[in-house]
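User: I am new to reading protein models and would like to go through one slowly. Could you take my questions in turn?

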Amino acid sequence: MSGSDARALARSLLDLCRSRKLTIATAESCTGGLVAGALTDIPGSSDVIDRGFVTYSNEAKRAMLGVNALTLSTFGAVSKETATAMAVGALERAGVDLAVSITGIAGPGGATPGKPVGLVHLAVAARDGRILHREHRFGAIGRSAVRLRSVVEALRMLMELARGPQVSTKPRREAVGRLHPRVARSPRRHAVKRRRPPRG
């Protein structure tokens, strides 16, 4: 993975979101704002990117994203549960269509039993209720490499959800509303046609 990969992905993601009228927020810990940086480096990104949260400390995750203190103490900052809570928190706080979160151990230090250097949890949440989580174990490939690969994976996950349905409930309700009148009208038309011949 390289910086050009991230730039190409960022450009494709922005084009897709622009065509679908989707907005994005980011919530980053170990990447320190690199996802937001990759996206806002593309001219015209302001019609898609709303804001970015850099929540490096646990306190920042609680204060800015509403991550529950019990979640952090039980599962740790680098966990599926925290990543998911971060993504959902960013989605709710920003009021956007899509939000991505990253929390991990870029190294060279910070490893704990069961959580080695290179472990990264990513989550993406959509306004229609879809949530996607992935765990990556990049290994001790170097701090910069872990961060760059995390950015690329985050952009890929955003792309995956951006391709899906924009809103799951509203279109269905509209479709139901449009179908019912047709069902109600067709029997009446047939009934009228059947009554006319006997009168002649």
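The questions and answers below go from the overall layout to the sheet, one helix and the cores.

User: How many helices and strands does the protein chain have?
Analyst: This is a predicted model, and the elements of its protein chain run α-β-α-β-α-α-α-β-β-β-α-α from the N terminus on. Counting by type, the secondary structure comes to 7 helices and 5 strands.

User: In what order do the strands lie in the sheet?
Analyst: The 5 strands form an open sheet with mixed pairing, and its edge strands are β2 (49–54) and β5 (131–137), each of which pairs on one side only. Neighbouring strands are turned by 10 degrees against each other on average, when direction is ignored. Read across the sheet, the order is β2-β1-β3-β4-β5.

User: In which sense do β1 and β3 pair?
Analyst: The mixed character of the pairing can be followed strand by strand. On one side, 7 bridges join β3 to β4, and these two run antiparallel, with Val 100 standing opposite Val 124 in β4. Strand β4 (residues 119–126) also pairs with β5 in the antiparallel sense over 7 bridges. Between β1 and β3 there are 5 bridges, among them the one in which Ala 27 has Ser 101 of β3 as its partner, and the sense of this pairing is parallel.

User: Which residue of β5 is the bridge partner of Leu 122?
Analyst: Strands β4 and β5 are joined over 7 bridges in the antiparallel sense. For Leu 122, the bridge partner in β5 is Arg 134.

User: How many residues of β3 are buried?
Analyst: In a regular strand the side chains alternate between the two faces of the sheet, so each face can be examined in turn. On one side of β3, Leu 98, Val 100, Ile 102 and Gly 104 are buried, and on the other side Ala 99, Ser 101 and Thr 103 are buried too. The strand is therefore largely enclosed by the rest of the structure, and the count of buried residues is 7 of the 7.

User: How wide an arc do the buried residues of helix α3 cover around the axis?
Analyst: The buried residues of α3 (residues 58–65) are Ala 60, Lys 61 and Leu 65. They lie on the same side of α3, because the arc that they cover around the axis is only 100 degrees.

User: Which elements do those buried residues of α3 pack against?
Analyst: The helix itself is followed by Gly 66, whose phi is positive, near 75 degrees. The packing partners of the buried residues of α3 include both strands and helices, namely β1 (24–28), β2, α4 (69–75), α5 (80–94) and β3 (98–104).

User: Which element gives the most residues to the largest nonpolar core?
Analyst: In soluble globular proteins, nonpolar side chains tend to be buried together. The largest nonpolar core here has 36 residues, and those touching the most other members are Leu 13, Cys 17, Ile 24, Val 35, Leu 39, Leu 98 and Leu 155. Two or more residues come from each of α1 (3–20), α2 (34–40), β3, β4 and α6 (143–162). With 10 residues, the element that gives the most is α6.

User: How many residues are in the other core?
Analyst: Apart from the largest core lies another one, whose residues include Val 67, Ala 83, Ala 90 and Ala 99. The number of residues in this other core is 16.

User: What percentage of the residues of the protein chain count as buried?
Analyst: The protein chain exposes about 10,700 Å², of which carbon and sulfur atoms supply 53%. A residue counts as buried when its relative accessible area is under 20%. By that cut-off, the buried share of the 200 residues is 42%.

Definitions and conventions. Residues numbered from 1 in each chain as written. Predicted model: local features only at pLDDT ≥ 70, side-chain atom pairs only at ≥ 80, totals over all residues. Heavy atoms only, no water. Pairing = 2+ DSSP bridges. Helix = DSSP H or I, 4+ residues; strand = E, 2+ residues; numbered from the N terminus. Axes fitted to C-alpha atoms, helices over the stretch in contact; angles between N-to-C directions. Buried < 20%, exposed > 50% of the residue type's maximum accessible area, 1.4 Å probe, protein only. Areas by Shrake-Rupley, 256 points an atom, 1.4 Å probe, with all protein chains shown as cover. Arc of directions from axis to C-beta. Contact = heavy atoms within 4.5 Å. Core = buried A, V, L, I, M, F, W, Y, C linked by side-chain atoms within 4.5 Å.
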